[in-house]
Amino acid sequence: MMKTIQRFLALVGLLSLCLLFIYALQDAPTDENFEKQLINDYNVYALQVPENLSFAGERVPLENPDILERMDRELLVNTYWQSNGLLMFKRAQKYFPIIEPILKKNGVPDDFKYLAVIESGLTNAVSPAGARGVWQIMKATGRENGLEVNDNVDERYHLEKATEVACNYLLKAKEQLGSWTLAAAAYNAGNAGVSRRLREQNVTDYYDLLLGEETGRYLFRIVALKEILSNPDKYGFNFREKDLYSNVPTFKVEVDTAVTDFTKFAEQFGINYKILKLHNPWLREPHLNNKSRKQYYIEIPKEGYYN
């Protein structure tokens, strides 16, 4: 009896092993079922670098294998940093309508709005070196271009005025260096720095320069953001118009005296100090000194947009 049971259990074990083997063979990742799984699973794909990429009307020479690899890197990094990418789409909807007409008025190519994207992520960022605002302007550069920069008022945070300064800088760089790509590089490394590298290496084009890591990636990052933000569906970004950020309509209040308390000032217009600062980040303190009786314009949101 015992031997019969042992034989039966051995037979059951053998059959079980056979069935497992057959199941494993059926479930093996053949080319056909692997392709079916790709449709439903999350995957990371190699990207096809477009052949016709350009910046400010200047073609990116992708036939150069080094240029192709560097462009591919920035497209991959920025495509698969999905959370940051979605934020760029959202913020661009809010800030590009302010930036674009200022670029156009000054004769600066529209592509330079993407420079602001890589500089600050379209936020009032502060760099370790002390650059500030959407355009990341240094204190000395701001003052040289007519901005008020002190503890009380810092117009590097004033988007319209800062965009004018950026345009002025870029136009001078283009005149000195000869191309918009070099002007963009100079925004990162300075006119003197780029000019010195051009002389030392005896070249005339950004794509022929050997540069440090940051400036070497700079233009490729701009072009990558231009390509992605111009083609959301192509790069897998899905959103509705209502998902994007928008500007709250405002009106301007002229002030040519000191303001002792911005909390009380804001309350006159049915808002609080926080909302006043959201629309006027260049006001750095809860009061305005204005000893010189300068004329300022303070943005006040129209009624009904904040509780």
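These legends describe close-up views of two pockets in a predicted model.

**View 1. The largest pocket and its centre.** This pocket has a volume of about 640 Å³. Its lining is made up of 26 residues. Closest to the centre are Tyr95, Asn247, Leu278, His279 and Pro281.

**View 2. Helices around the largest pocket.** Three elements each give two or more residues to the lining: α4 (82-106), α7 (159-177) and α12 (273-279). The top contributor is α4, with 4 residues.

**View 3. The largest pocket and the two domains.** Domain 1 spans 54-243, and domain 2 spans 250-301. Both give residues to the lining of the largest pocket, so the pocket lies between them.

**View 4. Residue classes in the largest pocket.** The lining holds 12 nonpolar residues. A further 8 are polar, and 6 are charged.

**View 5. The second largest pocket and its centre.** Here the space comes to about 370 Å³. The lining of the second largest pocket counts 21 residues. Glu119, Ala131, Gln136, Tyr187 and Asn188 are the closest to its centre.

**View 6. Helices around the second largest pocket.** Two or more lining residues come from each of α5 (113-120), α7, α8 (180-189) and α10 (213-230). The largest share belongs to α8, which gives 4 residues. Helix α7 also appears in View 2, where it gives two or more residues to the lining of the largest pocket.

**View 7. Residue classes in the second largest pocket.** Nonpolar residues number 13 in this lining. Polar residues number 5, and charged residues number 3.

Note on methods: Residues are numbered from 1 along each chain as its sequence is written. This is a predicted model: local features need pLDDT of at least 70, side-chain atom pairs count only at pLDDT 80 or more; totals for chains, interfaces and linings use all residues. Side-chain values use heavy atoms; hydrogens and water are left out. On a 1 Å grid over the protein atoms alone, a cavity is a set of points where a 1.4 Å probe fits but cannot get out, and a pocket is an open set with protein on both sides within 12 Å along at least five of seven lines; lining residues have an atom within 4 Å of a point. Grid points are joined across faces, edges and corners, and a volume is the space filled by probe spheres set on the points. Ala, Val, Leu, Ile, Met, Phe, Trp, Tyr, Cys and Pro count as nonpolar, Asp, Glu, Lys and Arg as charged, and the others, Gly among them, as polar. Domain bounds come from an automatic or database domain assignment.
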